[in-house]
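Please walk through this protein model with me, from its overall build to a few individual residues. The paragraphs below take the helices, a pocket, the aromatic rings and some single positions in turn.

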Amino acid sequence: MDLFDVNWLGVVLAAAAGFVVGGIWYGPVMGKRWMGAVGLTEDDIKQGNMGVIYGAAFGFSLLASWTLAHTFQTYAELGADLSVFVKVITSFGVALGFIVPAIGTNYLFSQKSKQLFFIDAFYWLLFYTAMGLVHAYLP
């Protein structure tokens, strides 16, 4: 399989879905709690270079989305039957089995709060689930 033989529209739309989830999660749903947990104010946020921050974050979302697409495509070429459920639960499993333990370990050693861990961990579960849904319907 060619590394780049994926549905690029699906890759971009899945990355955008994860990005939208982030905007909602870190905006109206958990924005104030998250800012408090990381020790930032709205003024601090406004001082950041938002173009660079959002651009890089979307770039990371594209990388994660492409990785899922490539993984699903590889499994399909090996004969796996990848239903909508399998793609969604696999995406959720990536977050639960890889992302959550990674941030959890980092937060333990950097002595971040449990509140921040749960805010961020739940976000990543939602992020990957959203991407899995898009990849499931746009193979």
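Helices here are DSSP runs of H or I with at least four residues, numbered from the N terminus. The model is predicted, and its chain contains 6 helices and 0 strands. Read from one end of the sequence to the other, the pattern is α-α-α-α-α-α. Along the principal axes, the C-alpha atoms fill a box of roughly 50 × 30 × 25 Å. The chain has 139 residues, and 32% of them are buried. Of the contacts in the chain with a separation of 6 or more, 80% are between residues 24 or more positions apart.

The pocket comes next. The volume of the largest pocket is about 840 Å³. Its lining is made up of 23 residues, and those nearest the centre are Tyr-26, Trp-34, Ile-53, Tyr-54 and Ala-57. Which helices supply at least two residues each of this lining? They are α1 (8-29), α2 (31-38), α3 (42-47), α4 (50-77) and α6 (114-137). The largest share comes from α4, with 7 residues. By residue type, the lining divides into 15 nonpolar, 6 polar and 2 charged residues.

Helix α4 can be followed further. It has 28 residues, and because the expected span at 1.5 Å a residue is 40 Å, the distance of 40 Å between its end C-alpha atoms agrees with that expectation. Its buried residues are Ser-61, Ala-64, Ser-65, Trp-66, Leu-68, Ala-69, His-70 and Phe-72. These buried residues pack against α1, α5 (84-109) and α6. After α4 comes Gly-79, which has a positive phi near 100 degrees.

Ser-65 shows this packing at the level of one residue. Ser-65 lies in helix α4 and has a relative accessibility of 0%, so it counts as buried. Leaving out residues up to four places away in sequence, Ser-65 touches Gly-10, Val-11, Ala-14, Ala-15, Met-131 and His-135.

A second serine can be read in the same manner. Ser-91 is in helix α5, and its relative accessibility of 0% means that Ser-91 counts as buried. Apart from neighbours within four places in sequence, Ser-91 is in contact with Leu-68, Phe-72, Tyr-128 and Gly-132. Two of the residues it contacts, Leu-68 and Phe-72, are among the buried residues of α4.

Is Phe-92 buried or exposed? Phe-92, also in helix α5, is partly exposed, because its relative accessible area is 29% and that class covers values between 20% and 50%. Not counting residues up to four places away in sequence, Phe-92 touches Leu-125 and Thr-129. Phe-92 and Leu-138 are separated by 46 residues in sequence, and their C-alpha atoms are 17 Å apart in space.

The aromatic side chains form a further theme. A pair of aromatic rings is described by the distance of the centres and the angle of the planes. With rings counted as a pair when their centres lie within 6.5 Å, the count comes to 14 aromatic pairs. In one of these, Trp-124 and Tyr-128, the ring centres are 6.2 Å apart and the planes stand at 45 degrees, so the pair is tilted. Both residues lie in helix α6, 4 residues apart, which is about one turn of the helix. Their exposure can be compared: Trp-124 is partly exposed, with a relative accessible area of 25%, whereas Tyr-128 is buried, with a relative accessible area of 9%. Ring pairs also link Tyr-26, Trp-34, Tyr-123, Trp-124, Phe-127 and Tyr-128 into a cluster. Two members of this cluster, Tyr-26 and Trp-34, are also among the lining residues nearest the centre of the largest pocket.

One backbone angle remains. Most residues other than glycine have a negative phi. Gln-111 is not a glycine, yet it has a positive phi of about 55 degrees. Where is Gln-111 found? Gln-111 is in the loop between α5 and α6. At 72% relative accessibility, Gln-111 counts as exposed, since the class begins over 50%.

Technical notes:
Residues are numbered from 1 along each chain as its sequence is written. This is a predicted model: local features need pLDDT of at least 70, side-chain atom pairs count only at pLDDT 80 or more; totals for chains, interfaces and linings use all residues. Side-chain values use heavy atoms; hydrogens and water are left out. On a 1 Å grid over the protein atoms alone, a cavity is a set of points where a 1.4 Å probe fits but cannot get out, and a pocket is an open set with protein on both sides within 12 Å along at least five of seven lines; lining residues have an atom within 4 Å of a point. Grid points are joined across faces, edges and corners, and a volume is the space filled by probe spheres set on the points. Ala, Val, Leu, Ile, Met, Phe, Trp, Tyr, Cys and Pro count as nonpolar, Asp, Glu, Lys and Arg as charged, and the others, Gly among them, as polar. The expected span of a helix is 1.5 Å times one less than its number of residues. Buried means under 20% relative accessible area, exposed over 50%, partly exposed in between (1.4 Å probe, protein chains only). Contact means heavy atoms within 4.5 Å. Rings of Phe, Tyr and Trp (its six-membered ring) pair if their centres lie within 6.5 Å; planes under 30 degrees apart count as stacked, over 60 as edge-to-face and the rest as tilted.
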